[in-house]
Each structure stands twice: as C-alpha cells, then as structure tokens.
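Trainee: I've just opened this one and don't know where to look. Can you walk me through it?
Mentor: Sure, let's put it up and go bit by bit.

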Amino acid sequence: MTTYILIAVFVAIAFCQATFETRAAGGRIKEIAGMAVGRAAHTSTLLEDGRVLIVGGFRTGGGSLGQVEIFTPRSGVFETIGSLSVARAGHTATVLPDGKVLIAGGFDGKYLDSSEIFDPKTGRFSPGTRLTVPRSEHTATKLSDGRILLAGGVGTGWTFLSEAEIYDPRTGRFSATGKMSTPRESHTATLLPNGKVLITGGHKDRRTAMTIFATTETYDPSTNTFKPAADLTIKRHKHDAILLKDGRVLISGGSDERDSQGAYNSLEIFDASSERSIKVAETAKSRYKLNGAVVRLPSGMVLIAGGSDSAELFNPTTLKVSSVDGTFGSKRLFATATLLKDGRVLIAGGYDEMTRVGQGAWIFEPNDARME
C-alpha cells in the first residue's frame, strides 16, 4: 500500500513539474486598456522608436475607419493622434528605410489607389503617389533593397488581381512589375533569406465560384518575375505565413470553402531550398482570418494569437504546440499582433463570431526569453 502511495505522489509531482515547465517555457495573455475605437482588418506597425502605429480598419457594420492611434509600450496606453485623409480597411502599412510608414490602398466604399506617408517625428500624414491599380486585401513586402512589393488583392468591380507593383522609396513612386500566375486574395507573402518573396495560397472569385489555392510561387526582384513553386499540403486562404529563424516558412491555419465551418488547425512548414512543404503539427483550436496575428518571438518560438479566443506557441525545434495562459474572451478574427522591442507582443482589435468589432487589447508576456 505504501509503495502505491509513493508512486502516486511521484506521478503527481512529475505532472506538476511538467505543467510548470510548460508554463515557464511559454507565457501569458494579459488584458490592458483598449483602443479608442473598435477596429478589425486594421494595421499595427512597430515604429523605430518602439511605439506602435494603429491605422484604419472597419467598424461594426462594415464602415471603414480613418482614425489613427499610437500605442506606447512604456505607458501601456493608446492615444488618438488624428485621421487619415481617406478612411481605409484592408490596406497595408510598411516601414520605409527612413523610418516613415507607407499606407497603401484599401477600401472605403470603393477600392483605393491612393497612398499616404506617416512621419513618426512629426506625427503627421502626407499624401503619397497613386498605385498603378486600386487594390485592397493585397500583400506588401519590404524587399532586401528597401523597395516594397505589393501583390494581388481585389480591385475595382470586385475583380481579383494577379497584378503586382513596386514602390521605390527613392523616387516615391509605384511601378508595375511581373504578374502572379493567378489572381489571389487572402494569400500571404514572405521575404525569404535569398531575397525572393514566397506567395502562398489565397483564393479568387466568390461564393459558389470560389477557388482556393494550394499553389505557391516566388517573386524574384532581380528579374521582376514570378515563378511557380511547390504546392502546400492542402489548399488554404485566410491563413498566415511567417519566416522561421532557419529560413523555412511556417504556414498556419486558414480555411476551405466553408469559411468558419472549414477552419483548419493544421500547421505546415515550407522549405524553399528543397521546394517542399510538410505538415508538422496541429494547434488545439482551429484558426482562420489570422493573417497579421502570428509573431516570431526573439527566442525563435512562434506566437499564434489570431483566429481564436486564446493563443498558442509553436516550437520549431520540437515541432510541438503548447497553450498560452489567458484568454481574449471571444474569437479574435482580423486582429493584429505586433512584436514590441522588449519581447512582449501587443494583440489588438478584431471581431468575434457575431461580427462584433472590439476595441480590446492584450499583451503577451513571455515567461522565459530563452524559450528554446
């Protein structure tokens, strides 16, 4: 009898230690004071001075927002700093080599071909030049030479775009570049270590005519051309893709034609050197509409914060997923997650299952900066 009791005690201790180690190797979500306005499909951009620029998005009911806020990590407070010249949702925001931010495209009752430049030093926006075509829900990727690649999205007349263009900060102008092999919306674009850009998944057309892609392609800035690459393990749209420390790309979540009913919990890793993608793990919860809410931490671990009511961590060394303490209270769809300079992550906005847009904000605090 004594032996059985001792075994039970040892098992309980081991379980507690395992649980503690999991938490110690992870972190927790903590709610903070929210934004001034609720928003989803907005952008959240880390500035060089460590503050975070929150731009646009849409409100409950679908109207686009022009309000702009700044989050200061030291105070943990959002401050309204003004408005865009044009309200925007589904736009992109990219830090330029001089520290300014390019706001491009989006939607405000019509698809936009305008751009604006935010100067963090003055806190003001100035008009930028026009895109080659109006577009929303496109991708924007800063290339190794500082130029910005804009690809795909939706344009005037609800047309799906294969067109891509380059913004050159030296001239302040957009110019057309090569086309993708197919029109894509809800796709991803990831800068690879070799300077090329990996485009994955996405869809074209709507409703019963919708086609979701498992295809990928790469953009080569030296030739201004797109070239087909290896397929994903499954077709995905409304997913996310992020570069790992070893140069591979983690692709997470997304869905099939059933949208929320077809949301995935699968993860796969795309290896550009071998042109192969393999399924590696599953998250505990299915997730979609999480593009922009996945962050690689300084440790190399990946925080998957969007698309559900809680966050999870992916370890690229063990290929395992672990839960994160804390909850958002409801699903966060089209939210943002931004890595701060101190290693924490700001999660902001998004909407829930009832399409109610929220102004909530949370901080992910890692327990151990050496997570691996």
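Trainee: Which residues touch the most other members in the largest nonpolar core?
Mentor: Ile 29, Leu 297, Leu 303, Val 345, Ile 347 and Phe 364, out of 16 residues in that core. A nonpolar core here is a set of buried Ala, Val, Leu, Ile, Met, Phe, Trp, Tyr and Cys residues joined through side-chain atoms within 4.5 Å. Buried means under 20% relative accessible area, exposed over 50%, and partly exposed in between, with a 1.4 Å probe and protein chains only. Keep in mind that this is a predicted model: local features need pLDDT of at least 70, side-chain atom pairs count only at pLDDT 80 or more, and totals for chains, interfaces and linings use all residues. Residues are numbered from 1 along each chain as its sequence is written, and side-chain values use heavy atoms, with hydrogens and water left out.

Trainee: What is Leu 303 in contact with, leaving aside neighbours within four places in sequence?
Mentor: Its contacts (heavy atoms within 4.5 Å) include Leu 297, Val 345, Phe 364 and Glu 312. Apart from the largest core lies another one of twelve residues, including Ile 242 and Leu 290.

Trainee: Glu 312, then. What does Glu 312 form a salt bridge with?
Mentor: With Arg 287, the closest N and O atoms being 3.0 Å apart. A salt bridge is a side-chain nitrogen of Lys or Arg within 4 Å of a carboxyl oxygen of Asp or Glu.

Trainee: Is Glu 312 buried or exposed?
Mentor: Buried, at 5% relative accessible area, and Arg 287 is buried as well, at 2%.

Trainee: How many salt bridges does the structure hold?
Mentor: There are 21. Another one joins the side chains of Glu 185 and Arg 206, at 3.3 Å, N to O. Glu 185 is buried at 6%, while Arg 206 is partly exposed at 25%.

Trainee: Switching to pockets: which residues lie nearest the centre of the second largest one?
Mentor: Glu 185 and Arg 206 again, along with Phe 58, Glu 137 and Phe 334, from a lining of 26 residues. On a 1 Å grid over the protein atoms alone, a pocket is an open set of points where a 1.4 Å probe fits, with protein on both sides within 12 Å along at least five of seven lines; lining residues have an atom within 4 Å of a point.

Trainee: And how many residues line the largest pocket?
Mentor: The lining has 41 residues, with Ala 93, Ala 140, Ala 189, Asn 291 and Gly 292 nearest the centre.
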